[in-house]
Amino acid sequence: MRNQILFISIFVIIFSSILVVYNDRQAVESYSPKASLTVVLDAGHGGIDVGAVGKNGTLESDLNLLYCQTLKQMMQEYGINVVMTREDENGLYSEYKNGFKMEDMRKRREIIQQTDPDLVISIHMNKFSVSSSRGAQVFYDDEYQSGKELAEVLQKMFIDNLSYARKETKCADLYILKCVSKPSILVECGYLSNEQEEKLLVQKDYMKNICYCILASVLAVMQK
């Protein structure tokens, strides 16, 4: 039922229906995509750098890419131009050697800067030594805070529509959020170190739920 409500709220937004963004279920006006609206989707990790690994063997790098591919398709349905920093399972470094991670990050920055997007969304999966930790959380840069509004709207969407979302956003000093002055956020969709959440994160319905939350938040913020 929760997924059905969210699905309906997203896909009738262009007909002036209700979008759950604020506690009072504030209605937003019909969304008309800007012709120039461009979003960079950054699927974290890739190649030898698999990121977090779940107890059931789920690789963060694979899941990040799948979420970005799903979100790209959703955004394109609303006329949003989407550029991805990586399109397949490979990383962006030329070869595995000392400094490969920095080369990978620099190439991501180059793609972002060359694209000159309206906003940047980096997708990740979290991990922590305490296996009980769980919940989606959004980060924005602690120096360039242009992504703070989007982060807060999205975190509220997560709280309203996911069973286990963190209670607040966090500011963080992250390389990927410093590439351009436009709004940039990093989304930790959940904890692969939590076995129950790992099982949720690989489910298509749960993935679509998270992606719908991201899409709805972009529409709500970028139409202003």
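Reader: Which residue does Tyr140 stand opposite in strand 6?

Author: In this predicted model, Tyr140 stands opposite Ile185 of strand 6. That position belongs to a pairing in which strand 4 (residues 137-141) and strand 6 run antiparallel and are joined by four bridges.

Reader: What is the bridge partner of Ile121 in strand 6?

Author: Ile185 in strand 6 is the bridge partner of Ile121. The strands concerned are strand 3 and strand 6, which pair in the parallel sense over six bridges. Another position to inspect is Val120, which stands opposite Ser184 in strand 6.

Reader: In which sense do strand 1 and strand 3 pair, parallel or antiparallel?

Author: Strand 1 and strand 3 pair in the parallel sense, with five bridges between them. Here Val40 stands opposite Val120 of strand 3.

Reader: How many residues of strand 3 are buried, and what does that say about its surroundings?

Author: A residue counts as buried when its relative accessible area is under 20%. Eight of the eight residues of strand 3 are buried, so the strand is largely enclosed by the rest of the structure. Leu119, Ile121, Ile123 and Met125 point one way, Val120, Ser122, His124 and Asn126 point the other way, and all are buried. Strand 6 (residues 184-191) is likewise mostly covered, with eight of its eight residues buried.

Reader: Where does Lys182 lie, and is the residue buried or partly exposed?

Author: Lys182 lies in the loop between strand 5 (170-172) and strand 6. With a relative accessibility of 30%, Lys182 counts as partly exposed. Leaving aside residues up to four places away in sequence, Lys182 touches Asp116, Pro117, Asp118, Leu119 and Ser146. The C-alpha atoms of Lys182 and Gln145 are 9.2 Å apart in space, while the two residues are 37 apart in sequence.

Reader: Asp116 is among those contacts. What is notable about the phi of Asp116?

Author: Phi of Asp116 is near 50°, which is a positive value in a residue other than glycine. Asp116 lies in the loop between helix 3 (100-115) and strand 3 (119-126). A second case is His45, which has a positive phi of about 65° although it is not a glycine. His45 is placed in the loop between strand 1 (38-43) and helix 2 (60-76). With a relative accessible area of 15%, His45 is buried.

Reader: How should one read the aromatic pair that the structure holds?

Author: A pair of aromatic rings is described by the distance of the centres and the angle of the planes. The structure holds one aromatic pair. The ring centres of Tyr93 and Phe100 are 5.0 Å apart and the planes stand at 80°, so this pair is edge-to-face. Both Tyr93 and Phe100 are buried.

Reader: Which ring has the charged end of Arg134 over it?

Author: The charged end of Arg134 sits over the ring of Tyr164, at 3.6 Å from the ring centre.

Reader: How does the span of helix 4 agree with what its number of residues predicts?

Author: An α-helix has 3.6 residues a turn, so residues three or four places apart point the same way. The length can be checked as well: at 1.5 Å a residue, the 14 residues of helix 4 (residues 148-161) should span 20 Å, and the end C-alpha atoms are 20 Å apart, which agrees. Among the buried residues of helix 4 are Leu150, Val153, Leu154, Met157, Phe158 and Asn161.

Reader: What does the corresponding check give for helix 6, and how many residues of helix 6 are buried?

Author: The 19 residues of helix 6 (residues 204-222) should span 27 Å at 1.5 Å a residue; the end C-alpha atoms are 26 Å apart, which agrees. Helix 6 is mostly covered, with 16 of its 19 residues buried.

Reader: What pattern does the protein follow along the sequence, and how many of each element does the protein have?

Author: The protein has six helices and six strands. Along the sequence these follow the pattern α-β-α-β-α-β-β-α-β-β-α-α. Among contacts with a separation of 6 or more, 76% are between residues 24 or more positions apart.

Reader: What share of the residues is buried, and what is the accessible surface of the protein?

Author: Of the 224 residues, 52% count as buried. The accessible surface comes to about 10700 Å², of which 49% belongs to carbon and sulfur atoms.

Technical notes: Residues numbered from 1 in each chain as written. Predicted model: local features only at pLDDT ≥ 70, side-chain atom pairs only at ≥ 80, totals over all residues. Heavy atoms only, no water. Helix = DSSP H or I, 4+ residues; strand = E, 2+ residues; numbered from the N terminus. Buried < 20%, exposed > 50% of the residue type's maximum accessible area, 1.4 Å probe, protein only. Contact = heavy atoms within 4.5 Å. Areas by Shrake-Rupley, 256 points an atom, 1.4 Å probe, with all protein chains shown as cover. Phe/Tyr/Trp six-rings, centres within 6.5 Å; stacked < 30°, edge-to-face > 60°. Lys NZ or Arg CZ within 6 Å of the ring centre and 35° of its normal. Expected span 1.5 Å × (residues − 1). Pairing = 2+ DSSP bridges.
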